[in-house]
Amino acid sequence: MAVMCFSAVAQVDLLGPDSMPFETQQTEGAEHSVLQQASAASGQELAVGERLLSRLSSLASTKQRTTLVSDSADYRLYYPQLQQSIYHFHPESLWYDYPQARNARDQLQWLLLEFSLAGGPKQLDYWLEQINAIDSEQAQWEGLFTDAFLGVLAFYQQLQTLDYAQSMALNEIGKLGIPLVLDELWLVRLNRGQIYQYLADLRGELNIERLQYRQQILYWLHVRQQRQLNQDIVAGRLIRLGDEDPRLPTIRLRLSEFDPSKQFSAPQSLVMDQQTEQAIKHFQQLHGLKTDGIVGKETLYWLNYKPLQRAKMLARNLLRKQLFTRFVMNTEQQRIIVNLPAYQMTYQAQGVDVFQSRVVVGRASRATPLLVSEISSVVVNPYWNVPRTIVRKDIVPMLRRDPSYVERKGFELFDYQGQAVSAEQVDWPLLKDTGYFPYRMRQRPGPGNALGAYKFHFDNQYAVYLHDTSSPELFTETERAFSSGCIRVEAADFLAETLLEQAGYSHAYKQSLLAKQQHKWLPLRHKVPVYMVYFTSWFDHSGGLHYRKDIYNFSNEKKV
């Protein structure tokens with residue numbers, strides 16, 4: 001079992017290496033310089049990153065529309081009545097001819113870019129493309145910028161109505177409407193000098209993480225524009241150290257795109273050398289793959305991942321992180337975060353990562369629900385009340401082949417009135433012929449119990465929970481979506497020890513319960529918040545950028 005523990009004074013390494021995968025025009029000292037600029041000059045926040053978009057604005061558009069206009073007179077307002085009301089109270093320009101005007105336009109463009117790439121409504125795409133197609137210094141485009149501003153406000157308002165699961169999945173935000181109703185008081189108080197700050201508030205804190213995300217979003221849009229060979233690397237045999245393969249020059253090109261600091265001594269060589277093998281291992285590590293340096297199916301999947309797909313993934317996760325803050329209380333003393341695509345659980349205390357554990361999560365057909373709850377009890381030697389779905393889909397087919405499965409696996413049978421039913425009372429021939437099985441099942445505590453030695457109970461409508469397992473071999477897999485929805489925790493014993501110690505239960509007491517296989521619910525003194533999150537990309541504390549598969553396909557990408 002692998003448990004990663006951290007001291008309270010140490011930097012926490014979140015699943016990643018010690019080096020940054022991207023070193024494009026930014027060193028560690030430069031990052032600190034950026035933060036100093038941000039804190040020292042709130043009125044000049046443009047220096048922190050907004051002008052990156054201005055330099056590369058032509059890269060933001062993913063396609064050109066025939067409906068774009070070149071003359072402002074041909075642009076049709078999207079919010080004509082609201083604009084009429086705004087300019088009734090504020091006849092001066094909102095986007096030109098004052099000190100912060102350029103900053104406000106750039107900030108608006110950034111939000112359009114982020115929301116569009118994240119999968120927002122198509123109208124945001126249109127405004128972004130239209131703004132990218134014009135000379136934004138010309139004041140004749142006032143109406144376009146005001147329309148886009150109102151559209152961003154409307155979309156942001158819609159985002160605030162999403163529940164937790166919707167905020168994590170983000171699979172329906174493209175369908176959100178952007179109607180907008182503004183009261184007269186807001187219209188009266190609108191001040192053009194505050195528009196930049198208003199947009200900055202919608203964006204959230206411009207910290208180092210957001211700057212890293214923005215840099216990488218633009219970098220991958222730049223790669224998309226500059227890439228000359230965009231064909232997929234074809235599937236074929238495995239490529240190991242010393243192998244000769246015609247795909248290797250293209251593989252090195254993709255590795256250099258992923259890490260621009262990587263310079264290969266023989267980029268056109270058809271032989272897998274040690275330098276390429278090491279680059280492959282680094283690439284695999286940042287994608288959650290087995291770091292064996294062998295190019296196979298999963299490594300090719302990520303080498304063929306399109307630059308635009310990466311930019312969209314980054315934008316979605318940036319938005320997820322921003323929305324996630326709505327549901328997290330800063331007063332929490334401790335919390336448990338389970339990142340489903342990473343197959344990883346993190347236990348935090350006082351805002352610091354204390355330890356991590358590998359987990360097994362629900363497979364796509366029985367996905368682990370995205371939820372927030374609180375662990376209220378640790379159950380030692382739990383019974384497993386088998387969900388009806390598992391009985392019907394998994395166990396009944398086995399019972400039809402082997403009725404002795406009930407006894408061998410320690411199951412108890414009950415009718416729907418709650419009365420115990422012996423195995424002898426079951427009409428096994430009828431079950432074998434028809435699959436008819438009108439019973440509930442419960443598995444007794446013990447070494448073969450599917451929940452293992454511990455269950456971590458939290459209230460939820462899906463009847464899922466964290467638990468130990470009797471099948472620890474699955475934790476050695478790199479992709480661990482195997483369960484029927486519950487979360488199996490490799491470090492379950494360590495987690496139980498931590499929570500029970502805080503609740504006043506001694507190690508000796510817990511061990512005595514385990515030794516006697518005594519079933520016991522142990523309530524906690526303080527409930528522990530638990531979050532099922534869905535981050536398919538993140539920066540570790542060393543600056544390494546990690547990517548993971550969208551295991552539940554919330555982004556609706558075609559299978560590769």
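This report covers the overall make-up of a predicted protein model, one of its sheets, a loop serine and two annotated residues.

The model is predicted: local features need pLDDT of at least 70, side-chain atom pairs count only at pLDDT 80 or more, and totals for chains, interfaces and linings use all residues. Residues are numbered from 1 along each chain as its sequence is written, and side-chain values use heavy atoms, with hydrogens and water left out.

## Overall make-up

The protein chain holds 19 helices and 16 strands. These are DSSP runs, numbered from the N terminus: helices are H or I with at least four residues, strands are E with at least two. The chain has 560 residues, and 53% of them count as buried. Buried means under 20% relative accessible area, exposed means over 50%, and partly exposed lies in between (1.4 Å probe, protein chains only).

The accessible surface of the chain is about 26100 Å², and carbon and sulfur atoms own 50% of that. Areas come from the Shrake-Rupley method with a 1.4 Å probe; for residues, only the protein chains shown count as cover. Take the contacts with a separation of 6 or more: 73% of them join residues 24 or more positions apart. A contact means heavy atoms within 4.5 Å.

## The S6-S9-S7-S8 sheet

Four strands form an open sheet in the order S6-S9-S7-S8, with antiparallel pairing. S6 (384-385) and S8 are the edge strands, each pairing on one side only. Two strands pair if DSSP finds at least two bridges between them. Strands of a sheet pair through backbone hydrogen bonds, either parallel or antiparallel.

| Strand pair | Sense | Bridges | Opposed residues |
|---|---|---|---|
| S6 and S9 | antiparallel | 2 bridges | Asn385 and Arg442 |
| S7 and S9 | antiparallel | 4 bridges | Phe414 and Arg440 |
| S7 and S8 | antiparallel | 2 bridges | Phe414 and Ala420 |

S7 spans residues 411-414, S9 spans 440-443 and S8 spans 420-421. Phe414 has partners in both neighbours: it stands opposite Arg440 in S9, and Ala420 is its bridge partner in S8.

In a regular strand the side chains alternate between the two faces of the sheet. In S7, Phe411 and Leu413 point one way, while Glu412 and Phe414 point the other way. All of these residues are buried.

S7 and S8 form a hairpin with 5 residues between the strands. Gly418 in this hairpin takes a positive phi near 90 degrees.

## A loop serine

Ser261 sits in the loop between helix H11 (248-258) and helix H12 (274-285). Ser261 counts as partly exposed because its relative accessibility is 36%. Its side chain makes a polar contact of 2.6 Å with the side chain of Asp259. A polar contact is a pair of N or O atoms within 3.5 Å; within protein, one must be able to donate a hydrogen and the other to accept it, and residues adjacent in sequence count only if both atoms are side-chain atoms.

## The annotated pair

An unreviewed UniProt entry annotates His467 and Cys486 as "active site". Although spread over 20 residues of sequence, they cluster in space, with a largest C-alpha distance of 7.6 Å.

His467 is found in strand S11 (residues 466-467). His467 is buried, since its relative accessible area is 4%. Its contacts beyond four places in sequence include Tyr454, Phe456, Cys486 and Arg488.

Cys486 lies in the loop between strand S12 (481-483) and strand S13 (487-489). Cys486 counts as buried because its relative accessibility is 15%. Beyond four places in sequence, Cys486 touches residues including Val360, Thr368, Tyr465 and His467.

Definitions and conventions:
UniProt positions are given in the numbering used here, feature names are shortened, and annotations may be inferred rather than shown by experiment.
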